[in-house]
Amino acid sequence: MRIQIGKSRSPDCATAAREAGQEALRGADVPAFALVLCTDQYDAVALAAAVRAQLGDVPWAGCSAAGVFAGTELLLQGLVIATFLGDDFLVGVGMGGPVSEHPRAAGRAAVAEAVRELPPKPPGHRRALLILPDALSGNPTEVVRGAQQEAGAGIRWAGGGAGNNLRFVKTAQFTQGHAWQDQVVVIAFDAREPFGVGIQHGWSPYGPPSQITKARGATAVELDYESAFEVYRRTAVSRGDALDTSSFARFAMTHPLGIPQANGEFVIRDPLSVEPDGSVRFVAEVPDGSLVRVMEGKRTDLLDAAAGAATLARKATPGALGGAVVFDCVSRYLLLEEGVQDELARFQDALGEGVPVVGCLTLGEVGAMGGGVPQFHNKTAVVVALPG
């Protein structure tokens with residue numbers, strides 16, 4: 001397997017599709033599949049039509065994002081198309097929804113359709129699933145649970161929440177040659193050699209353990225039977241950091257919540273706001289009864305985590321790499337700012353010079369820490385290394 005990447009910064013749908021499509025298809029045999037990632041300035045329906053005209057009969061899928069990249073080049077306005085070439089893998093695409101109404105059923109339906117599209121799995125082939133849920137319309141944590149229930153064990157998991165440039169209005173998912181909303185897209189691969197997946201975030205404990213004693217979906221109402229914000233505030237004060245509701249957004253950007261896992265890792269939850277009743281709203285679900293810790297992370301920690309995720313993915317894939325796909329949380333970009341170029345360079349260096357890398361800035365990420373069950377993460381980097 002190998003991938004070939006085309007990109008365009010043009011704001012015009014037809015021009016962007018032509019430039020990216022021609023570069024992705026140049027001199028290549030007919031691809032088995034194409035991954036399409038774009039920023040949200042485009043009219044999704046018009047862009048899908050333009051990409052469809054360029055790719056012809058090539059099956060393709062993808063989503064919108066807050067940013068897209070090819071190698072170490074980040075495009076905050078643009079389109080990237082990665083064609084997948086070779087005869088040693090099989091691919092199927094599925095879609096489920098609406099995510100806003102039945103997120104778990106949407107995850108199950110998308111996996112079932114993607115697997116149905118695959119020919120019978122040859123002996124010895126390994127399966128990997130890329131999950132691309134609408135991260136704004138419903139509960140992406142439930143989407144991932146449904147996908148896992150349908151797929152079963154022995155799967156390599158990766159993916160990210162379809163996003164936009166932080167306007168938090170709508171996202172787009174692409175499959176069947178069209179643009180959709182309020183859906184989850186699943187891309188299933190069966191390959192002779194395993195896909196390597198690495199996931200790291202770089203956050204470490206800042207405060208003592210607390211328990212979520214009252215929650216509503218993505219909102220923590222109480223920690224240790226007190227106002228969730230009051231516990232946050234007291235934790236900050238104990239470390240010498242003044243905190244009030246007006247400064248919470250700035251503090252929360254560098255102090256997310258961590259949910260400890262059995263293997264010693266933490267699943268990160270990104271705080272969004274303090275509600276009038278003192279509860280704290282997060283990007284994704286915070287389970288009632290969970291133990292949690294306020295976390296912290298420095299720029300160097302985030303960069304080391306990027307390299308670590310890519311290194312783990314590289315080591316889990318035997319032989320030469322045919323390419324890599326990266327799902328990197330947009331909030332990491334907001335923290336690193338211009339330093340995001342260093343992060344992209346760390347991905348590339350760890351994967352190897354000359355390895356084609358394509359990716360996007362996501363609203364949450366999908367991955368299985370320590371080879372366990374897949375979960376929905378925040379502020380995390382997920383790297384998929386493709387066997388060459």
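Here are a few questions and answers about a predicted model.

Visitor: Let's start with empty space. How many cavities of 30 Å³ or more does a search of the whole structure find?
Guide: Rolling a probe the size of a water molecule over the atoms shows where empty space is left. Run over the whole structure, the search for cavities of 30 Å³ or more gives a count of 1.

Visitor: And how much space lies in the largest cavity?
Guide: Its lining includes P208, S210, L223 and L257. The space inside comes to about 50 Å³.

Visitor: Which elements each supply at least two residues of that lining?
Guide: Look at the lining residues by number: V231, Y232 and T235 are among them, and so are V292, R293 and V294. Residues 228–238 form α5, and 291–296 form β22. The elements that each supply at least two lining residues are therefore α5 and β22.

Visitor: How do the lining residues divide into nonpolar, polar and charged?
Guide: R293 is in the lining, and Arg counts as charged. S210 and T235 are there too, and they count as polar. The full split is 7 nonpolar, 2 polar and 1 charged.

Visitor: Back to α5. Within what arc do its buried residues fall, seen down the axis?
Guide: The buried residues of α5 are A228, F229, V231, Y232, T235 and A236. Seen down the helix axis, they line one face, because they fall within an arc of 160 degrees.

Visitor: Which residue just after α5 takes a positive phi?
Guide: α5 covers residues 228–238. Just after the helix, a phi of about 85 degrees turns up, and the residue that takes it is G240.

Visitor: Now strand β23. Why is it described as largely enclosed by the rest of the structure?
Guide: The strand spans residues 321–329, and buried means under 20% relative accessible area. β23 is largely enclosed because the buried residues number 9 of the 9.

Visitor: Which strand pairs with β23 in the antiparallel sense, and which in the parallel sense?
Guide: V325 has V384 of β27 as its bridge partner, and that pairing is antiparallel over 7 bridges. D328 has L361 of β24 as its bridge partner, and that pairing is parallel over 6 bridges. So the antiparallel partner is β27 and the parallel one is β24.

Visitor: One last stop, the loop between β2 and α2. Is Y42 buried or exposed?
Guide: Y42 sits in the loop between β2 (33–39) and α2 (44–55). Its contacts farther than four places away in sequence include S8, P11, C13, L47 and L79. With a relative accessible area of 7%, under the 20% cut-off, Y42 is buried.

Technical notes:
Residues numbered from 1 in each chain as written. Predicted model: local features only at pLDDT ≥ 70, side-chain atom pairs only at ≥ 80, totals over all residues. Heavy atoms only, no water. 1 Å grid on protein atoms, 1.4 Å probe; cavity = no way out; pocket = protein on both sides within 12 Å on 5 of 7 lines; lining within 4 Å. Points joined across faces, edges and corners; volume = space filled by probe spheres on them. Helix = DSSP H or I, 4+ residues; strand = E, 2+ residues; numbered from the N terminus. Buried < 20%, exposed > 50% of the residue type's maximum accessible area, 1.4 Å probe, protein only. Pairing = 2+ DSSP bridges. Arc of directions from axis to C-beta. Contact = heavy atoms within 4.5 Å.
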